[in-house]
Amino acid sequence: MTSAPEASTTHELGQIKAVCLDIDDTLLDGGRASRHALRELVGSDRAWPVWQRTTDQHYARYVTNEIDFDVMCVERTRAFFAAFGEEIDHVEAARRETLRMAAMQRAWGLYDDARPCLDWLRASGLRLAVITNAPSAYQRKKIAAVGLADAFDAMIISAEIGVAKPDPRIFHTACHALGLRPDEVVHVGDKLDVDAHGATQAGLHGVWLNRTGTEPPAAGVPTITNLFELPELLVTDLPAIPARAPATSQPRIAELVR
């Protein structure tokens with residue numbers, strides 16, 4: 001198995017002082033847990049592409065504050081079954097969603113490269129933070145369930161501050177919580193636009209975690225295929241960016257710093 005290099009005080013990390021990471025499909029194998037839950041609900045995961053499409057459509061409505069998370073989950077489940085010609089009411093959709101959610105939570109787990117990467121980053125003297133688009137209680141429960149409750153210096157959760165990636169304010173909130181300039185911070189996530197481009201536009205170093213390799217390379221965006229590759233990128237290959245000051249107005253920042 002590939003592993004991260006051993007941390008030592010000799011690493012040349014330049015101006016980088018902290019790394020922020022997305023949670024779902026970056027540290028936590030959300031796809032595996034969700035597919036497991038779908039199999040528990042309908043007996044197989046052959047309809048996984050339909051579930052993904054339906055999730056993307058409905059989660060976008062949650063991120064833009066059109067609906068709350070619990071409503072989104074139930075409406076997504078109704079829409080999924082409707083795609084196969086089964087019309088169910090809200091009560092039945094909520095019942096099925098409860099079963100699916102319980103199965104998914106039992107299957108939550110980290111990618112094999114997550115813990116070694118976090119250990120290397122911490123041993124190298126870097127500060128760590130989470131930046132995630134999610135409801136607060138749900139995401140904190142998930143982080144605790146996979147053993148990461150005490151792994152970060154700050155947790156920046158969209159529902160707690162009222163803005164979501166790729167809005168620059170959520171990235172600036174993370175920088176403020178860490179007490180650092182954006183150019184001193186790297187953000188890593190699995191979504192090219194939301195994570196890598198969003199962070200870069202906010203003045204951070206955006207890194208795209210392209211785990212599947214099914215999407216084409218993005219010009220000018222530092223890209224890794226797993227977290228074992230992140231230490232080498234930080235040490236040798238991260239392009240320089242101009243220094244910028246973080247935004248001066250931070251939403252509810254006192255609640256975010258541990």
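Of the 258 residues in this protein, 51% are buried. The model is a predicted one, and its secondary structure amounts to ten helices and six strands. The exposed surface comes to about 12100 Å², of which carbon and sulfur atoms supply 52%. Among contacts with a sequence separation of 6 or more, 68% are made by residues 24 or more positions apart. The paragraphs below begin with pairs of packed helices and then turn to individual residues and loops.

Two packed helices are described by the angle between their axes and the distance between those axes. Helix H2, residues 48-63, and helix H3 have axes that come within 9 Å and cross at roughly 150°. H2 is therefore roughly antiparallel to H3, since an angle over 145 degrees is placed in that class. The crossing of H2 past H3 is right-handed. On the H2 side, the residues that meet H3 are Val 50, Trp 51, Thr 54, Thr 55, His 58, Tyr 59, Arg 61 and Tyr 62. Their counterparts in H3 are Phe 69, Met 72, Glu 75, Arg 76, Thr 77, Ala 79 and Phe 80. Sorted by class, this contact of H2 with H3 contains eight nonpolar, four polar and three charged residues.

Two residues of H3 may be followed in detail. Thr 77 belongs to helix H3, which spans residues 69-82. Its relative accessibility is 0%, and Thr 77 therefore counts as buried, the limit for that class being under 20%. Apart from neighbours within four places in sequence, Thr 77 is in contact with Trp 51, Ala 93, Arg 96 and Glu 97. Trp 51 is one of the H2 residues that meet H3, whereas Arg 96 is one of the H4 residues that meet H1.

Ala 79 also has its place in helix H3. Because its relative accessibility is 27%, Ala 79 counts as partly exposed. When residues up to four places away in sequence are not counted, Ala 79 touches Thr 54 and His 58, and both of these are among the H2 residues listed in the contact with H3. Ala 79 and Trp 51 are separated by 28 residues in sequence, and their C-alpha atoms lie 9.3 Å apart in space.

The loop between H2 and H3 contains Asn 65. Although Asn 65 is not a glycine, its phi is positive, at about 65°. With a relative accessibility of 64%, Asn 65 counts as exposed.

A second helix pair is formed by H1, residues 30-42, and H4, residues 90-106, whose axes come within 8 Å and cross at roughly 135°. H1 and H4 are therefore oblique to each other. H1 passes H4 in a right-handed crossing. From H1, the residues Ala 33, Ser 34, His 36, Ala 37, Glu 40 and Leu 41 take part, and they meet Arg 96, Arg 100, Ala 103, Met 104 and Arg 106 of H4. The classes represented in this contact of H1 with H4 are five nonpolar, two polar and four charged residues.

Ahead of H1, the loop that follows strand S1 (18-21) holds Asp 25. The phi of Asp 25 is near 65°, a positive value in a residue other than glycine. Asp 25 has a relative accessibility of 27% and therefore counts as partly exposed.

Further along the chain, the loop between helix H7 (158-161) and H8 contains Pro 166. The peptide bond that joins Lys 165 and Pro 166 is cis, with omega at about 10°.

Helix H8 (168-178) is also one of the elements against which the buried residues of H9 pack, together with strand S4 (185-189) and strand S5 (205-209). Helix H9 itself covers residues 192-201, and its buried residues are Leu 192, Asp 195, Ala 196, Gly 198 and Ala 199. Just after H9, Gly 203 adopts a positive phi of about 95°.

Notes
Residues numbered from 1 in each chain as written. Predicted model: local features only at pLDDT ≥ 70, side-chain atom pairs only at ≥ 80, totals over all residues. Heavy atoms only, no water. Helix = DSSP H or I, 4+ residues; strand = E, 2+ residues; numbered from the N terminus. Buried < 20%, exposed > 50% of the residue type's maximum accessible area, 1.4 Å probe, protein only. Contact = heavy atoms within 4.5 Å. Areas by Shrake-Rupley, 256 points an atom, 1.4 Å probe, with all protein chains shown as cover. Axes fitted to C-alpha atoms, helices over the stretch in contact; angles between N-to-C directions. Parallel < 35°, antiparallel > 145°, perpendicular 65-115°, else oblique. Left-handed = near helix turned anticlockwise from the far one by under 90°. Nonpolar A, V, L, I, M, F, W, Y, C, P; charged D, E, K, R; others polar.
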